[in-house]
Amino acid sequence: MIFEPACDEETFLGCAVIRDLESFKRLSDVIVANRASDDLSDVGDKVFTRDIFGLS
């Protein structure tokens with residue numbers, strides 16, 4: 001599953017595209033993010049990122 005609100009397709013590379021962040025967070029067991037975000041703070045136990053300093 002991929003969260004991408006700007007994508008008009010239903011799938012991307014065989015993965016379902018989810019446009020609603022709350023639905024994405026509820027449905028996901030693990031979230032891999034490029035950078036830390038306040039939008040993901042409520043599911044921090046699910047988030048894995050290389051942004052260890054929260055700077056980008």
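A residue is called buried when its relative accessible area is under 20%, exposed when this is over 50%, and partly exposed in between. Keep that in mind for the exercises below, and remember that the model you are looking at is predicted.

**Exercise 1. Find Ser28 and decide whether Ser28 is buried or exposed.**

Step 1: Look in the loop that links α1 (21-27) to β4 (31-33); that is the place of Ser28.
Step 2: Take the relative accessibility, which is 4% for Ser28.
Step 3: The cut-off for buried is under 20%. Ser28 therefore counts as buried.
Step 4: Now check the surroundings. A polar atom of the Ser28 side chain lies 2.7 Å from the backbone oxygen of Phe24. Leaving aside residues up to four places away in sequence, Ser28 touches Met1 and Lys46.

**Exercise 2. Work out how the elements follow one another and which strands form the open sheet.**

Step 1: Count the elements: the protein chain has one helix and five strands.
Step 2: Walk from the N terminus, and you meet them as β-β-β-α-β-β.
Step 3: Three strands make an open sheet in the order β1-β3-β2, and the pairing is mixed.
Step 4: β1 (2-3) and β2 (11-12) each have a single partner strand, so they stand at the edges, with one side lacking a neighbour in the sheet.
Step 5: Zoom in on β1 and β3: they run parallel and are joined by two bridges. Across from Ile2 you will find Val17 of β3.

**Exercise 3. Describe the place and contacts of Ala16.**

Step 1: Ala16 belongs to strand β3, residues 15-18.
Step 2: With a relative accessibility of 39%, Ala16 counts as partly exposed.
Step 3: Skip residues up to four places away in sequence, and the partners that Ala16 touches are Met1, Ile2, Glu10 and Thr11.
Step 4: For a sense of distance, try Ile31: this residue is 15 residues from Ala16 in sequence, and their C-alpha atoms are 14 Å apart.

**Exercise 4. Which residues make up the largest nonpolar core?**

Step 1: Start with a general idea: nonpolar side chains tend to be buried together in soluble globular proteins.
Step 2: Here the largest nonpolar core has seven residues: Ile18, Phe24, Ile31, Ala33, Leu40, Val43 and Val47.
Step 3: Pick Val47 and look around. Apart from residues up to four places away in sequence, Val47 touches Ile31, Ala33 and Leu40.
Step 4: Put this beside the whole chain, where 25% of the 56 residues count as buried.

**Exercise 5. Explain why Cys7 and Cys15 form no bond with each other.**

Step 1: A disulfide needs two cysteine sulfur atoms within 2.5 Å.
Step 2: The cysteine sulfur closest to that of Cys7 is in Cys15, 11 Å away, so the two are too far apart for a bond.
Step 3: Cys15 is likewise in no disulfide, and searching the whole structure gives zero disulfides.
Step 4: Compare the accessibilities: Cys7 has 16% and counts as buried, while Cys15 has 30% and counts as partly exposed.

**Exercise 6. What is the phi of Leu13, and where does Leu13 lie?**

Step 1: Most residues other than glycine have a negative phi.
Step 2: Leu13 is not a glycine, yet its phi is positive, at about 50 degrees.
Step 3: Follow the chain to the loop between β2 and β3, where Leu13 is placed.
Step 4: Its relative accessible area is 77%, so Leu13 is exposed.

Note on methods
Residues numbered from 1 in each chain as written. Predicted model: local features only at pLDDT ≥ 70, side-chain atom pairs only at ≥ 80, totals over all residues. Heavy atoms only, no water. Helix = DSSP H or I, 4+ residues; strand = E, 2+ residues; numbered from the N terminus. Buried < 20%, exposed > 50% of the residue type's maximum accessible area, 1.4 Å probe, protein only. Contact = heavy atoms within 4.5 Å. Polar contact = N/O pair within 3.5 Å; in protein donor to acceptor, adjacent residues only side chain to side chain. Pairing = 2+ DSSP bridges. Core = buried A, V, L, I, M, F, W, Y, C linked by side-chain atoms within 4.5 Å.
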